[in-house]
Amino acid sequence: MDRLNPDSSLLLVVDVQDRLLGAMAPDAATRLLENVDILLDAARVLGVKVIATEQYPKGLGPTVAPIAARFPALGVTPMAKLDFDAMSDPNVARAVHHSEARNIILVGMEAHVCVFQTARELARRGYATHVVADAVLSRTEANRDAGLRLCEHAGATVTVAEAVVFDWLRRAGSDAFKQISKRIR
């Protein structure tokens, strides 16, 4: 497994939307929002590319406000999709391809549906796929756990937000480390 370098990474935020998040356990939803926010902040500081999707936004609503508020500084406009596998949407697949990233960091909802199907397709296409366990959710913990196992079985690496951030940082002492480490304490 290679180190996660900011230059070769892409953070893919899958379907962190109002109506989906409202169906999640409140404590788990809070944890997801905190960890996605940390990853977005680290992406901003380190120059990691970010893409976001929204599953049928007409029915499930937009990306939740705290996450959507981060997007302008990152140059992100969420892409609407109908396919559960984000890579089946030609616009998403094109954006991932044009990012020239080798490592895809995957967060969002639901772990056993859109996250799993996207992770499976990313791995099939040869991307080093990293699913952030503390930044993915399903309506039930059993479905989340099954989704993580399915992602791993499909070839993805299951990780956590702090592991991703510190791998991107590589070492302590830099200005980036000082900015980002404050968020993790």
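**Close-up 1. Residues at the contact of helices α7 and α8 in this predicted model.** From α7, the residues A111, H112, V115, F116 and A119 meet N143, R144, G147, L150 and C151 of α8. Sorted by character, the residues of this contact of α7 with α8 comprise 6 nonpolar, 3 polar and 1 charged.

**Close-up 2. The axes of helices α7 and α8.** Helix α7 spans residues 111-124 and helix α8 spans residues 141-153, and their axes come within 8 Å of each other while crossing at roughly 10°. Because angles under 35 degrees count as roughly parallel, α7 is described as roughly parallel to α8.

**Close-up 3. The surroundings of R144 in helix α8.** R144 has a relative accessible area of 10% and is therefore buried. Leaving out residues up to four places away in sequence, R144 touches R31, A111, A133, D134, V136, L137 and S138.

**Close-up 4. The largest nonpolar core.** This core has 39 residues, and those with the most contacts inside it are L11, L39, L40 and W168. Helix α2, which covers residues 26-46, supplies the largest share of this core, with 10 residues. In soluble globular proteins, nonpolar side chains tend to be buried together.

**Close-up 5. The contacts of L11, and a second core.** When its neighbours within four places in sequence are set aside, L11 is in contact with L39, L40, A43, V48, K49, V50, I51, I105 and V107. Of these contacts of L11, I51 is included in a second, separate core of 26 residues, which also includes A86, C114 and L122.

Terms used. Residues numbered from 1 in each chain as written. Predicted model: local features only at pLDDT ≥ 70, side-chain atom pairs only at ≥ 80, totals over all residues. Heavy atoms only, no water. Axes fitted to C-alpha atoms, helices over the stretch in contact; angles between N-to-C directions. Helix = DSSP H or I, 4+ residues; strand = E, 2+ residues; numbered from the N terminus. Parallel < 35°, antiparallel > 145°, perpendicular 65-115°, else oblique. Contact = heavy atoms within 4.5 Å. Nonpolar A, V, L, I, M, F, W, Y, C, P; charged D, E, K, R; others polar. Core = buried A, V, L, I, M, F, W, Y, C linked by side-chain atoms within 4.5 Å. Buried < 20%, exposed > 50% of the residue type's maximum accessible area, 1.4 Å probe, protein only.
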